[in-house]
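Here is a short briefing on one protein model and the molecule bound to it. Look over the sequence and the structure, then work through the points below.

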Amino acid sequence: MTQEQQLMDQAKLAAQRTYSPYSHFPVGAALLTASGEIISGCNVENISYGLTNCAERSALFAAISQGHAPGSFKAMAIYAPKVALISPCGACRQVLLELMARDAVVTCQGSDPAASRSWTLEQLLPGAFDSF
Ligand code: THU
């Protein structure tokens with residue numbers, strides 16, 4: 001199994017741990033660290049809807065909380081089974097840009113594996129508000 005497949009498998013497992021009683025839209029994300037470790041996250045919702053944390057940010061915040069260096073993450077896999085192809089929200093794109101490695105790749109998969117896509121950070125957020 002390739003590292004990419006392993007990463008997507010972990011994103012699928014994370015989606016099973018979702019707390020999404022309001023949207024019923026499970027999402028899992030898995031992050032590849034510089035040392036080859038995989039850290040995953042899922043979306044965690046709240047009755048005060050705006051407090052919801054997306055799977056992507058859950059994974060990134062978990063990894064940093066566990067001591068992995070910001071800017072060191074090489075790849076992220078995102079999985080959401082209730083849509084043909086998932087694509088990260090704008091807020092997560094800004095956070096991904098700041099915390100992933102510059103050349104990181106983000107691979108997304110929904111219910112249709114044939115529709116899976118990979119994006120660079122520049123493709124996800126062109127002309128972003130960046131470090132100053
Ligand atoms: N969500 C994610 O976790 N990641 C995405 O890329 C898109 C949206 C979550 C937020 C909320 O819990 C649910 O999916 C519906 O928007």
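In this predicted model, the side chain of Asn43 has an N or O atom 2.9 Å from an oxygen atom of the ligand. Ala55 also puts a polar atom 2.9 Å from a ligand oxygen, but that atom belongs to its backbone. For Glu56, the side chain is involved again, with an N or O atom 2.5 Å from an oxygen of the ligand. The ligand on its own has 370 Å² of accessible area, and the protein covers 80% of that.

**Around the ligand**

- Which residues come nearest to the ligand? They are Asn43, Glu45, Cys54, Ala55 and Glu56, out of 13 residues around it.
- The shell around the ligand is mixed by class: 7 residues are nonpolar, 4 are polar and 2 are charged.

**The pocket**

- Where does the ligand sit? It takes up the space of the largest pocket.
- This largest pocket holds about 160 Å³ of space.
- The pocket is lined by 14 residues, and Phe25, Val27, Asn43, Cys54 and Glu56 are the closest to its centre.
- Asn43, Cys54 and Glu56 therefore appear twice: they are among the residues nearest the ligand, and among those closest to the pocket centre.
- By class, the pocket lining has 7 nonpolar, 5 polar and 2 charged residues.**Cysteines**

- How many disulfides does a search of the whole structure find? The count is 0.
- Why is Cys54 not bonded to another cysteine? The closest cysteine sulfur, in Cys92, is 3.8 Å from the sulfur of Cys54, and that is too far for a bond.
- A disulfide needs two cysteine sulfur atoms within 2.5 Å.
- Cys89 is in a similar position, because its sulfur is 3.8 Å from the closest cysteine sulfur, also in Cys92, which is too far for a bond.

Technical notes. Residues are numbered from 1 along each chain as its sequence is written. This is a predicted model: local features need pLDDT of at least 70, side-chain atom pairs count only at pLDDT 80 or more; totals for chains, interfaces and linings use all residues. Side-chain values use heavy atoms; hydrogens and water are left out. A residue is near a molecule or strand if one of its heavy atoms lies within 4 Å of it. A polar contact is a pair of N or O atoms within 3.5 Å; within protein, one must be able to donate a hydrogen and the other to accept it, and residues adjacent in sequence count only if both atoms are side-chain atoms. Accessible areas come from the Shrake-Rupley method with a 1.4 Å probe; for residues, only the protein chains shown count as cover. On a 1 Å grid over the protein atoms alone, a cavity is a set of points where a 1.4 Å probe fits but cannot get out, and a pocket is an open set with protein on both sides within 12 Å along at least five of seven lines; lining residues have an atom within 4 Å of a point. A molecule sits in a cavity or pocket if more than half of its atoms lie within 2 Å of its grid points. Ala, Val, Leu, Ile, Met, Phe, Trp, Tyr, Cys and Pro count as nonpolar, Asp, Glu, Lys and Arg as charged, and the others, Gly among them, as polar. Grid points are joined across faces, edges and corners, and a volume is the space filled by probe spheres set on the points.
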